[in-house]
Amino acid sequence: MKIHQSVLPRITRETVQWIIRNLMIWLALLLIGIVPLWWFSQSVIKPDSKSLSNELIPIHFKTDANGMGLKALDSSGKILAQAGFSVPVQHFSLSTDFSRIAVLDRHSPPNVFLYELPSLKFIHQVQLTHPAEVVIFSGDSRFLALSGPEYNTIDLLTVPELEMKGHLETGLSIMAIHPLERSEFILARTPQSILKIQTLPLEITEENAEIPLKLGDEIMMVDPYGMCSIHGISHPLFEPDTTMTTGLTGYFTEAVFAGLR
């Protein structure tokens, strides 16, 4: 049988055109279904990152009236997270980067608890071998320092393992301790002077240490006793510790805050 030569090209062109037309129809239908679904997943299912500001939102951490619990509260007083304890809380502290909170209870000897912020998710717990009344994070948030007005010692724990890293006998009553911002040092106030203490190794590096004072764009090192008594400028080392009465406030991004709601 002889095939006419003009039929094959005409059938091939028509077939190709038919395929193209159908592909375009199916593609249009596919896009009609996918585009709204994609928009919905970006705008509804997943939070729009552009809609979240970089503004820091305060979250307040405070103990219950009986000291048996710790709560995270928003600015309206709504409870966002909470943790409970079998004995009352003695003291607590926020890390300088607001990523963790350390809690010291009144057990004898006391226990130290570590939680994530701002969710108050439990991380670790350890019981100390020495008494303590106050706990703070070092300026770089790598360690916990523990002491108290009744003692002349400072204990150092690693974060987050809570392993004992050092024990320092100062020979002087420790009236207050405070982190030296963004550093591995802590400051300790005694009745006679300010001690500058290095965390690794745990040792006193200065016995009459000056402390940084920011004036405008400049930071000056000043005598803390003179700063408070002569110039009337307060410093946390000389202020009453109101942690257990008024609580502490941390600051978190809107994205972190949204995870609690």
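Which residue of β5 does Val 89 stand opposite? In this predicted model, the position facing Val 89 is occupied by Asp 105. The two strands concerned, β4 and β5, pair in the antiparallel sense, and 5 bridges join them.

This pairing belongs to an open sheet of 4 strands, arranged in the order β4-β5-β6-β7 with antiparallel pairing. Strands β4 and β7 (122–127) form the edges, each being paired on one side only. From one strand to the next, the twist averages 15 degrees. In general, the strands of a sheet pair through backbone hydrogen bonds, in either a parallel or an antiparallel manner.

The largest nonpolar core comprises 20 residues, of which Phe 61, Phe 85, Ile 101, Val 103, Tyr 115 and Leu 120 touch the most other members. Two or more residues each are contributed to this core by β1 (56–63), β2 (69–73), β3 (79–84), β4 (89–94), β5 (100–105) and β6 (111–116). Another core, of 14 residues, lies apart from the largest one and includes Ala 145, Ile 174, Ile 177 and Ile 186. Nonpolar side chains in soluble globular proteins tend to be buried together.

Individual residues illustrate the surroundings of several strands. Val 135, located in strand β8 (residues 134–137), has a relative accessibility of 0% and therefore counts as buried. Beyond its neighbours within four places in sequence, Val 135 is in contact with His 91, Phe 92, Ser 93, Ala 102, Leu 104, Leu 144, Ala 145 and Leu 146. Val 135 and Leu 94 are separated by 41 residues in sequence, and their C-alpha atoms are 9.6 Å apart.

Lys 196 occupies strand β14 (residues 194–198). Its relative accessibility is 17%, so Lys 196 counts as buried, the cut-off for this class being under 20%. When residues up to four places away in sequence are not counted, Lys 196 touches Leu 180, Phe 185, Ile 186, Leu 187, Glu 203, Ile 204, Thr 205, Glu 206 and Ala 209. One of these contacts, Ile 186, is among the residues of the 14-residue core.

Pro 58 lies in strand β1. Because its relative accessibility is 34%, Pro 58 counts as partly exposed. With residues up to four places away in sequence left out, Pro 58 touches Thr 249, Gly 250 and Tyr 251. The C-alpha atoms of Pro 58 and Gly 250 are 5.7 Å apart, whereas the two residues are 192 residues apart in sequence.

Definitions and conventions. Residues are numbered from 1 along each chain as its sequence is written. This is a predicted model: local features need pLDDT of at least 70, side-chain atom pairs count only at pLDDT 80 or more; totals for chains, interfaces and linings use all residues. Side-chain values use heavy atoms; hydrogens and water are left out. A nonpolar core is a set of buried Ala, Val, Leu, Ile, Met, Phe, Trp, Tyr and Cys residues joined through side-chain atoms within 4.5 Å. Buried means under 20% relative accessible area, exposed over 50%, partly exposed in between (1.4 Å probe, protein chains only). Two strands pair if DSSP finds at least two bridges between them. Axes are lines fitted to C-alpha atoms, for helices over the stretch in contact, and angles run from 0 to 180 degrees between N-to-C directions. Contact means heavy atoms within 4.5 Å.
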